[in-house]
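Visitor: Please give me a close look at the charged side chains of this protein, and at how they sit in the fold around them. I would like to follow them one after another, with the criteria behind each term.

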Amino acid sequence: AKLVRGDIAPLPRQGVLAESHIPRLEFGWSGLRAWVGRDTKLIQAPRPEFYETSTDPAEQHDLAARKQSDVSRQLIQLGSAVEAAERQAPANAEQSVSAEQQEVLRSLGYVASGGRSGPGDLVDPSLVDPKDRATFAVLFDEAVLATQAGRAAESLAAFTKLRAIEPDNPALLFELGQA
C-alpha cells in the first residue's frame, strides 16, 4: 500500500517479465512475452511492439519500428530474465492432475482445452501473432459463453463462422464438439 501511495520508492529493478502461454496452448498461436520497465514496455510477439508508457500510458503508439535500438536492448534484458526464471523453476514444477481437477481448473479458466504446445520457444514468429486474431478470440469467448448458457444454435453458428478462419484450431474443434 505504501508503494502505491508513493510513500516509498519503487524497488530498484530494471524491469519485470510477463508471459502469456494462453495463445499458444489454447489456440496454437504464438505465445507472448513482455518486458515492462519504469517508462517502457516491450511486447515480444511475431511482430514486436514497443511503447513509451511514461508519455503513452494507454499504449496507443507502437514505436518498435522507430526505436529499434531500444527494442534490441530490451529483448536482451527480457532474454536474461527468461533464463533466470528458468534456472529458478523447481524441477518438479509440472504435475499431473486428475480429470476432475482438470475440469475444475478449466471451468475457472486455468486449463487449456486443446493446444499444440510442442517444442520451441514460447514466442514463435512462424505462428499466428495473437493481435491478428483479436476479433477471433472475442467471438470464440462469446460462443463458449453461449454454449454454457444453453444457446446451442447461437454457439454453433459462431463456431462455424470461426471454423472458416481456422479449420484445424484444436480449441475451436473441442468447443464445437461441446456445443
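Guide: The side chains of Glu154 and Arg151 meet in a salt bridge, with 2.7 Å from N to O, where a salt bridge is a side-chain nitrogen of Lys or Arg within 4 Å of a carboxyl oxygen of Asp or Glu. This is a predicted model, in which local features need pLDDT of at least 70 and side-chain atom pairs count only at pLDDT 80 or more, while totals for chains, interfaces and linings use all residues. Residues are numbered from 1 along each chain as its sequence is written, and side-chain values use heavy atoms, with hydrogens and water left out. Glu154 is partly exposed at 42% relative accessibility, and Arg151 is also partly exposed, at 39%; here buried means under 20% relative accessible area, exposed over 50% and partly exposed in between, computed with a 1.4 Å probe on protein chains only.

A search of the whole structure finds 11 salt bridges, and another of them joins Arg73 to Asp70, again with 2.7 Å from N to O. These two residues are three apart in helix α3 (residues 68–88), so about one helical turn separates them; helices (H or I, at least four residues) and strands (E, at least two) are DSSP runs numbered from the N terminus. The two ends of this pair differ in accessibility, since Arg73 is partly exposed at 46%, whereas Asp70 is buried at 16%.

Asp121 and Arg33 also form a salt bridge, their closest N and O atoms being 3.0 Å apart. This pair links distant parts of the chain, for Asp121 lies in the loop between α4 (99–107) and α5 (134–148) and Arg33 in strand β2 (residues 32–36), 88 residues apart. Asp121 is partly exposed at 41% relative accessibility, and Arg33 is buried at 7%. Beyond such pairs, a network of salt bridges links Arg47, Glu49, Asp129, Lys131 and Asp132.

The strand that holds Arg33 belongs to an open sheet of four strands in the order β1-β2-β3-β4, with antiparallel pairing; two strands pair if DSSP finds at least two bridges between them. Strands β1 (16–20) and β4 (49–52) are at the edges, and each has a single partner strand, so one side of each is left without a neighbour in the sheet. Neighbouring strands are turned against each other by 15 degrees on average, direction ignored. Between β1 and β2, the antiparallel pairing runs over five bridges, and Ala18 has Ala34 in β2 as its bridge partner. Helix α3, which carries the Arg73 and Asp70 pair, lies across β1, β2, β3 (40–44) and β4 and runs at about 70 degrees to β3. For such angles, axes are lines fitted to C-alpha atoms, for helices over the stretch in contact, and the values run from 0 to 180 degrees between N-to-C directions, contact meaning heavy atoms within 4.5 Å.

A contrasting case is found in the loop between β4 and α3, where Asp56 lies. Asp56 is buried yet has no salt bridge, and the nearest side chain of opposite charge, Arg66, is 8.4 Å away; for this purpose Lys and Arg count as positive and Asp and Glu as negative, while His and the chain ends are not counted. The side chain of Asp56 does reach the backbone nitrogen of His61, at 2.8 Å. That is a polar contact, a pair of N or O atoms within 3.5 Å of which, within protein, one must be able to donate a hydrogen and the other to accept it, with residues adjacent in sequence counted only if both atoms are side-chain atoms. If residues up to four places away in sequence are not counted, Asp56 touches Tyr51 and His61.

Glu59 is placed in that loop between β4 and α3 as well, and it has a positive phi of about 55 degrees although it is not a glycine. At 23% relative accessibility, Glu59 counts as partly exposed.

One further acidic residue sits in helix α7 (residues 170–178), whose buried residues include Glu175, together with Pro170, Ala171, Leu172 and Leu176. At the start of α7, a side-chain oxygen of Asn169 comes to within 3.0 Å of the backbone nitrogen of Ala171.
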